Each structure stands twice: as C-alpha cells, then as structure tokens.
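Please look over the sequence and the structure shown below. The report after them goes through some local features of the backbone, and then turns to charged and aromatic side chains.

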Amino acid sequence: MKATAMAHPIQGLVKYHGMRDDIERLPYHDSISVCTAPSHTRTTVEFSMDYDEDTFVVDGEELDGRAYERVEAVVEKARSKSDAAHTVYPVRLESENSFPTNVGLGSSSSGFAAAAMALAEAAELDASKGEISTIARVGSASAARAVTGAFSHLRTGMNDEDCRSERIPSNLHEDLKIIVGLVPYHKDTDDAHREAADSHMFQARNAHIHEQIAKMRDSLRNDDFEGVFERAEHDSLSLAATTMTGPSGWVYWQPATLAIFNKVRELREEEDIPVYFSTDTGASVYVNTTEEHAEEVEEAVADCGVSTTVWDVGGPARLLDEDDHLF
C-alpha cells in the first residue's frame with residue numbers, strides 16, 4: 001500500500017505545444033526529450049484507511065486548487081487501472097525536488113513521473129514503463145517521457161494504446177553535458193498550452209513538426225550530436241514564436257536568457273565549439289555541449305551573470321527502497 005519512486009526531469013528536444021484533450025492531456029503532435037540527472041523528484045505514496053481524504057504535499061507545502069486537481073487526476077488514473085481493494089482508501093502523496101521548480105527546468109515532468117511510478121506500485125499494477133507513462137501523462141505530457149527516461153518519444157494519439165512514451169536508442173548520453181543557466185522567472189505552462197492553438201503560428205508549427213520528429217529520431221539513432229542539438233535549438237525558437245503570438249503574448253525570455261543565447265553562438269561561430277542552446281517554456285537555458293568542452297562552456301555561461309550547474313543524461317523512473325520513504 002506504500003511505495004516510493006524517483007524520476008528525472010526532461011529537456012525538450014522537439015517540444016509539444018497545445019493539447020487536443022485537457023483531461024487526458026493528449027497533445028496535438030509527437031514530442032522528444034532527454035532526461036537530466038542528477039536532478040530528480042522523489043515521491044512517496046500510501047493508500048490507507050487511516051487517512052480522511054486524499055492529501056498531496058510538494059516540497060513541504062500542501063497542495064490545493066489547480067495543483068491539487070492535476071495530482072488527483074494522476075491518482076484517479078492509477079485507481080482506474082487497479083483491481084486492488086485498498087485503492088478505494090484515501091491516499092497521501094509527498095514529493096521533494098532536488099532542483100529549483102517553476103523556472104523552466106521540467107519539474108512537472110519528474111514530479112508526475114515519480115508519482116505515477118509510485119502509484120503503480122502501491123496500487124499493485126503489473127504495468128510496463130509504457131503503460132505507466134499513460135498514468136503520468138494526465139498530469140503532464142512531458143512526464144510520460146520522464147517515465148521511460150534518457151532519450152524518449154511521446155507519440156500523439158486518442159487513447160492510451162497510442163499516446164504513450166518509448167525510448168529511442170542512442171549513445172549520445174556518453175558524451176553529452178548539459179550546462180544549465182538558471183534564470184529565475186515565474187511562468188505558467190498550462191496557460192501557454194491552452195492558448196497555443198490560437199496563435200497564427202500554430203498551424204505552421206504543426207505543418208513542419210512531423211519532419212522534425214523523423215529527423216530527430218534519425219539523428220539520435222546515428223549519434224549525430226550536431227544534428228540533434230542544432231534541431232533542438234531551432235525548435236526552441238519555433239516554440240517561443242508560437243507562445244509569443246498567442247492571445248496573451250507570453251514572453252518568458254529575460255535579458256539573461258538572451259545573453260546566454262548570444263554567448264553560445266559566439267562560442268560556436270568564433271571558437272568552433274560544439275554547443276547549442278535550448279529552452280522549454282521558461283527563461284532558464286539548457287546549453288548542450290560535449291564533455292571535452294563542458295568546463296569552458298560553463299565558465300562562459302556563468303559570465304552572463306547567472307548561476308550554473310552541469311547535468312548528465314538521466315535514466316527512467318524507478319522504485320526506491322523502504323529506507324527512502326518520505327514519511
């Protein structure tokens with residue numbers, strides 16, 4: 001009745017934008033990402049008749065409102081797939097993040113992935129990673145990819161059989177270093193997704209995204225560093241164009257964000273360093289480079305006046321031992 005799991009957040013490589021179904025969180029198109037480590041979320045869940053109601057706590061704060069509803073949707077999805085009698089009892093869920101949240105670093109992906117993994121175990125589901133990804137997806141579509149880990153592809157669809165995540169084989173994890181330039185800035189990804197289809201750029205993005213997915217998969221399978229991360233950089237610009245031309249005109253980038261963009265291009269064009277920037281829906285920047293150049297690139301990003309950290313590629317969501325329970 002009690003289980004703990006850990007999952008890593010994702011960096012979007014070909015990002016999804018907008019949802020055709022807000023309840024099941026079915027995206028309009030496919031998406032591909034890479035998990036980042038050692039950043040992670042650890043989550044413990046327990047179904048028990050000793051609890052009066054479902055309770056969710058993240059980083060020491062009890063959730064309410066929309067945040068509560070999103071977690072409850074994942075809990076109910078797990079309950080709907082279980083035959084275990086104890087899942088009718090209230091559940092307590094506690095979660096802790098090892099990295100800053102709500103700054104564009106994918107905390108919702110690792111949060112819902114860890115929750116789905118722990119819920120599947122506590123609900124006694126005999127489920128594959130792909131099946132668990134459909135539970136995580138109703139919290140956040142990116143969380144589906146955090147369940148399967150490393151380089152993963154979430155396919156769009158109208159049901160759980162089609163809209164689930166799968167791993168893409170690649171050896172790029174052996175040399176990839178991800179320098180994170182942290183630019184704190186509050187954002188609301190849900191609002192951006194809700195407005196995406198109202199942008200005049202949305203249909204243009206949808207028209208080219210299928211080719212980008214195919215090329216990204218091919219580059220990953222062929223361990224083509226330049227092909228993968230040059231495409232991820234361009235997709236970041238495409239995503240921002242759609243976001244900024246929605247009804248609310250969301251602009252997440254800050255001066256420090258643009259400073260990092262310029263520094264990355266300077267390193268690439270003037271010093272011939274393999275380095276590319278990427279952003280999701282936020283102001284913080286992922287700077288993708290090789291192990292050989294990681295130290296030099298981190299110093300250059302830090303010179304933009306931001307705090308930095310260096311991350312590697314993270315694996316799939318996994319269960320932890322009882323000693324790792326949060327309560």
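E124 is found in the loop between helix 2 (107-122) and helix 3. The model is a predicted one, and in it phi of E124 is near 60°, a positive value in a residue other than glycine. At 58% relative accessibility, E124 counts as exposed.

R25 also invites a look at the backbone, since this residue has a positive phi of about 50° although it is not a glycine. The place of R25 is the loop between strand 3 and strand 4, and with a relative accessibility of 2% R25 counts as buried. Another backbone feature concerns the peptide bond from A37 to P38, which is cis, with omega near 10°. P38 itself sits in the loop between strand 5 (31-37) and strand 6.

**Salt bridges**

Side chains of opposite charge can pair when their charged atoms come close. The structure holds 19 salt bridges, and three of them are set out here, with the distance taken between N and O.

| Salt bridge | Distance, N to O |
|---|---|
| R137 and E24 | 2.7 Å |
| R79 and D54 | 3.0 Å |
| D312 and K177 | 2.5 Å |

What do R137 and E24 tie together when their side chains meet in a salt bridge? R137 lies in helix 3 (residues 129-137), while E24 lies in the loop between strand 3 (19-21) and strand 4 (26-27), so the pair ties together parts that are 113 residues apart in sequence. R137 is buried, with a relative accessible area of 0%, whereas E24 is partly exposed, with a relative accessible area of 25%.

The side chains of R79 and D54 likewise meet in a salt bridge. R79 belongs to helix 1 (residues 65-80) and D54 to the loop between strand 6 (41-47) and strand 7 (55-58), so this pair ties together parts that are 25 residues apart in sequence. Both partners, R79 and D54, are buried.

In the salt bridge of D312 with K177, the closest N and O atoms are 2.5 Å apart. D312 lies in strand 15 (residues 307-313) and K177 in strand 12 (residues 176-182), so the pair ties together parts that are 135 residues apart in sequence. D312 counts as partly exposed at 31% relative accessibility, and K177 counts as buried at 17%. Salt bridges that share partners also join E24, K77, K81, R137 and D160 into one network.

**A patch of negative charge**

On the surface, a patch of negative charge gathers E174, D175, D218, D223, D224, E226, E230, E291 and E292. One of these residues, D218, is found in helix 6 (residues 202-221), where it is partly exposed, with a relative accessible area of 46%.

**Aromatic pairs**

How many aromatic pairs does a search of the whole structure find? The search finds 8, and F225 and Y276 form a tilted aromatic pair, with 6.4 Å from centre to centre and 50° between the planes. F225 lies in helix 7 (residues 225-244) and Y276 in strand 13 (residues 275-278), so the pair ties together parts that are 51 residues apart in sequence. F225 is buried, with a relative accessible area of 12%, and Y276 is buried as well, with a relative accessible area of 6%. The rings of W253 and F261 have their centres 4.9 Å apart and their planes at 90°, so that pair is edge-to-face. W253 counts as buried at 19% relative accessibility, and F261 is buried, with a relative accessible area of 6%. F225 and Y276 also form one aromatic cluster together with F229.

**Distances along the chain and in space**

Two further residues can be placed by their C-alpha distances. Y89 is found in the loop between helix 1 and strand 9 (91-97) and counts as partly exposed at 28% relative accessibility. Y89 and E46 are 43 residues apart in sequence, and their C-alpha atoms are 9.3 Å apart in space. N159 is found in the loop between strand 10 (151-154) and strand 11 (165-167) and is partly exposed, with a relative accessible area of 30%. The C-alpha atoms of N159 and V75 are separated by 18 Å, with the two positions 84 residues apart along the chain.

Note on methods: Residues numbered from 1 in each chain as written. Predicted model: local features only at pLDDT ≥ 70, side-chain atom pairs only at ≥ 80, totals over all residues. Heavy atoms only, no water. Salt bridge = Lys/Arg side-chain N within 4 Å of Asp/Glu carboxyl O. Helix = DSSP H or I, 4+ residues; strand = E, 2+ residues; numbered from the N terminus. Buried < 20%, exposed > 50% of the residue type's maximum accessible area, 1.4 Å probe, protein only. Patch = residues over 30% accessible without salt bridge, like charges linked within 9 Å, V, L, I, M, F, W, Y side chains within 5 Å. Areas by Shrake-Rupley, 256 points an atom, 1.4 Å probe, with all protein chains shown as cover. Lys, Arg positive; Asp, Glu negative; His and termini not counted. Charge placed at Lys NZ, Arg CZ, Asp CG, Glu CD. Phe/Tyr/Trp six-rings, centres within 6.5 Å; stacked < 30°, edge-to-face > 60°.
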